Amino acid sequence: MWSGKYVRSPLVRSLFANMLSESESAAMETQEWYRCSPDLLGESVQPLFVQSHLDSGTKAFLKRSVEKSGWLFTQLYHSLASTILSPLVSRTSINGFLGRGSMFVFSAEQFQRLLRISPEWKAERLLDLGAGDGGVTEVMGGHFTEVYATEVSLPMKWHLQRRNYKVLGIDEWQQTGFQYDVVSCLNLLDRCDDPLLLLRDIRRSLVPNTGRLILAAVLPFQPYVEVGGRWQRPKERLKVKGKTWEEQVTELTNEVFRTVGFEVEVVTRLPYLCEGDMYNDYYVLDDAVFVLKASEDGSESAH
């Protein structure tokens, strides 16, 4: 392992110390991405928590992000184009036009661990709601014969079609006449107008008994809807009580999901990563990722 112990030059020694402190700081930061205090979760939620870690798939995404953020002329072009387009179109569509801002929620190994499936496991249909450019869809897609996706942004729809995913309208996926083995709803609950209706529609769209919803939510939960280049409050604002990550996970599990007829099988904490720009190598938010199944009694709570 490299050490700065025998470096004689004070300047080089100082630079070396800074490099080491930066790498130690980065290591501490990545540990924080996965930190949870299980004893702060509600009693019924504690046994459902699964500890996640920085793995090779996540490291590969971070490495690509760091490399891209160093492409100076590309980043300057992106910055200029973004400034010109932002009053006219949404940030999502700008990213779609420029082919930047890919997201990362979980690696293939983390997805398999959460769903408790093997690398060889196969099912019929996946539906990825609000799929963006399809980067996260691709992590899941190899397990399914048919992959369906929804997306509001036209440039993002082009990316999905190029990947040969079947793009459905946002009012079409609930009425196809068939059901899905897995529905993914990743960081969409806080960006839609009617989150409880969305959850009820998903529940009805899952294959009975075996169907699963994998849902990611940024915490603290702060719902806003993007319209054009502007953000506004959703029509139905879902209020999630609690100040800490653990308190909000418990509230979502016991109040929100149960209300619409879901029960949590597994929950973990993961970083929601986005490719960076000329200012940052990458951006990160705190995600709670849940695997949900329809409640066994088949009914919604009377809350």
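Where does Asn209 lie? Asn209 sits in the loop between α8 (195-205) and β6. Helices and strands here are DSSP runs, numbered from the N terminus: H or I over at least four residues for a helix, E over at least two for a strand. The model is predicted, so to speak of local features needs pLDDT of at least 70, side-chain atom pairs count only at pLDDT 80 or more, and totals for chains, interfaces and linings use all residues. Residues are numbered from 1 along each chain as its sequence is written, and side-chain values use heavy atoms, with hydrogens and water left out.

Start with the sheet. It is open, has eight strands and mixed pairing, and follows the order β1-β9-β10-β6-β5-β2-β3-β4. Two strands count as paired if DSSP finds at least two bridges between them. The edges are β1 (103-104) and β4, each of which pairs on one side only.

Now take the pairs in turn. Strand β9 (residues 262-275) runs antiparallel to β10, and 13 bridges link them. Within that pair, Leu273 has Val284 of β10 as its bridge partner. On to the next neighbour. Strand β10 (residues 282-294) is joined to strand β6 (residues 212-218) by six bridges, again antiparallel. Here Ala217 faces Ala288 in β10. The direction then changes to parallel: strand β5 (residues 182-186) and β6 are joined by five bridges. Leu186 stands opposite Ala216 of β6.

A helix packs over part of this sheet. Helix α9 lies across β6, β9 and β10, at about 35° to β10. Contact means heavy atoms within 4.5 Å. Axes are lines fitted to C-alpha atoms, for helices over the stretch in contact, and angles run from 0 to 180 degrees between N-to-C directions. Thr250 belongs to helix α9. Is Thr250 buried or exposed? Its relative accessibility is 14%, so Thr250 counts as buried. The scale is simple: buried is under 20% relative accessible area, exposed is over 50%, and partly exposed is in between, with a 1.4 Å probe and protein chains only. Leaving out residues up to four places away in sequence, Thr250 touches Leu41, Gly42, Val45 and Glu255.

Ahead of that helix comes a loop residue. Arg237 is in the loop between β8 (230-232) and α9 (245-259). Arg237 is partly exposed, at a relative accessible area of 43%. In sequence, Arg237 and Asp194 are 43 residues apart; in space, their C-alpha atoms are 7.7 Å apart.

Two other helices show which residues are buried. In α7, these are Pro155, Met156, His159 and Leu160. They lie on the same side of α7, because they cover an arc of only 145° around the axis. That arc is taken over the directions from the helix axis to the C-beta atoms. In helix α5 (residues 108-115), the buried residues are Gln110, Phe111, Gln112, Leu114 and Leu115.

Next, the backbone exceptions. Most residues other than glycine have a negative phi, and most peptide bonds are trans. Arg116 follows α5 and has a positive phi, near 60°. Asn164 comes just after α7, with a positive phi of about 65°. Its place is the loop between α7 (154-162) and β4 (166-168). Asn164 counts as exposed, at 67% relative accessibility. Asn209, the residue of the opening question, has a positive phi too, near 70°. Asn209 is exposed, at 74% relative accessibility. The peptide bond exception follows β6. Leu219 and Pro220 are joined by a cis peptide bond, with omega about 5°. Pro220 is in the loop between β6 and β7 (225-227).

Last, the cysteines. How many disulfides does a search of the whole structure find? The search finds zero. A disulfide is a covalent bond between the sulfur atoms of two cysteines. Here the cut-off is a pair of cysteine sulfur atoms within 2.5 Å. For Cys185, the closest cysteine sulfur is in Cys192, 6.8 Å away, which is too far for a bond. Cys185 is buried, with a relative accessible area of 0%. Cys274 is also buried, at 16%.
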